[in-house]
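Welcome! Have a look at the structure below, then try the two short exercises on its pockets.

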Amino acid sequence: MGHLDHAALGWLTPALSYVMACIGAALGLRCTVRALGATGRSRRNWLITAASAIGTGIWTMHFVAMLGFSVTGTDIRYDVPLTVVSLLVAMVVVCAGVFAVGYGHDRSRALFLGGLTTGIGVASMHYLGMAAVRLHGDVDYDPALVGLSVVIAVVAATAALWAALNIKSPVAVTIASLIMGAAVSSMHYTGMFAVSVRVAPSDASLPGATAMQFIFPLAVGLGSYLFLTSAFVALSPTTGERQASASAQRPVESAAP
């Protein structure tokens with residue numbers, strides 16, 4: 001049985017992964033709040049941005065944390081196509097959940113379906129990412145911990161969508177994002193503690209890419225996307241600000257000769 005280390009680089013990867021989860025959650029919540037105050041194409045665009053932010057944040061959190069994952073007695077590689085599929089799954093399923101809330105007429109039903117869909121999608125992303133791991137040996141899972149990780153994912157997703165529907169102030173969104181980041185991190189490490197590896201030492205080369213060859217550059221790129229999108233959202237006017245600006249301009253226009 002190989003010894004698993006989930007923080008081979010110290011507290012750097014857990015801390016950085018938590019930060020990425022919080023940024024993705026905060027950006028997703030702010031975009032969802034903007035979407036609920038918009039109509040037509042603007043609402044759709046805000047919801048797509050929210051879904052991409054949450055999905056990207058969760059995926060980046062997972063693989064930044066995986067940079068600190070090691071198993072004694074074997075190298076670790078990642079199947080590139082399957083890793084990319086895990087990212088697409090995260091975005092598509094989160095998008096379905098966010099749109100269910102954004103366009104649902106019955107909010108309770110939309111929240112239930114959106115939370116369930118998004119939570120299962122987050123869990124699927126995690127275990128697809130784990131299925132992309134290549135090492136010398138066999139990977140097994142504790143079913144009870146796997147089930148617990150899925151429950152945490154569904155509860156966290158439902159809580160995040162509830163926050164998007166009910167929380168409007170930036171301070172409240174920040175607090176909700178910190179809680180959401182902790183929930184996503186808890187789901188990840190619960191799923192990782194479910195893992196056990198039976199190492200079969202071998203000199204054969206493993207297929208796939210190392211974490212630094214593939215995961216790290218992609219995580220940096222997606223992290224940059226989150227930061228840039230956060231700046232865009234922070235600088236763009238809210239619906240209330242646009243309405244106030246339009247109201248302020250009307251008297252000027254009516255007074256003009």
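A pocket here is an open set of grid points where a 1.4 Å probe fits, with protein on both sides within 12 Å along at least five of seven lines. Its volume is the space filled by probe spheres set on the points. Please keep in mind that the model is predicted.

**Exercise 1.** Describe the second largest pocket: its space, its lining and the elements that supply it.

*Solution.*
Step 1. Begin with the volume: the second largest pocket holds about 170 Å³ of space.
Step 2. Turn to the lining, which has 13 residues; L67, F69, S70, I76 and A211 lie nearest the centre.
Step 3. Look for the elements: β2 (70-71), β3 (76-78) and α7 each supply at least two lining residues. Of the elements, β3 gives the most, with three residues.
Step 4. Sort the lining by character: nine residues are nonpolar, two are polar and two are charged.

**Exercise 2.** Now do likewise for the largest pocket, and find which element gives the most to its lining.

*Solution.*
Step 1. The largest pocket contains about 210 Å³ of space.
Step 2. Its lining is made of 15 residues, and those nearest the centre are L16, V64, L67, F216 and V220.
Step 3. At least two lining residues come from each of α1 (12-36), α2 (40-66) and α7 (211-235). The top contributor is α7, with seven residues.
Step 4. By character, 11 lining residues are nonpolar and four are polar, while no charged residue takes part.

Methods:
Residues numbered from 1 in each chain as written. Predicted model: local features only at pLDDT ≥ 70, side-chain atom pairs only at ≥ 80, totals over all residues. Heavy atoms only, no water. 1 Å grid on protein atoms, 1.4 Å probe; cavity = no way out; pocket = protein on both sides within 12 Å on 5 of 7 lines; lining within 4 Å. Helix = DSSP H or I, 4+ residues; strand = E, 2+ residues; numbered from the N terminus. Nonpolar A, V, L, I, M, F, W, Y, C, P; charged D, E, K, R; others polar.
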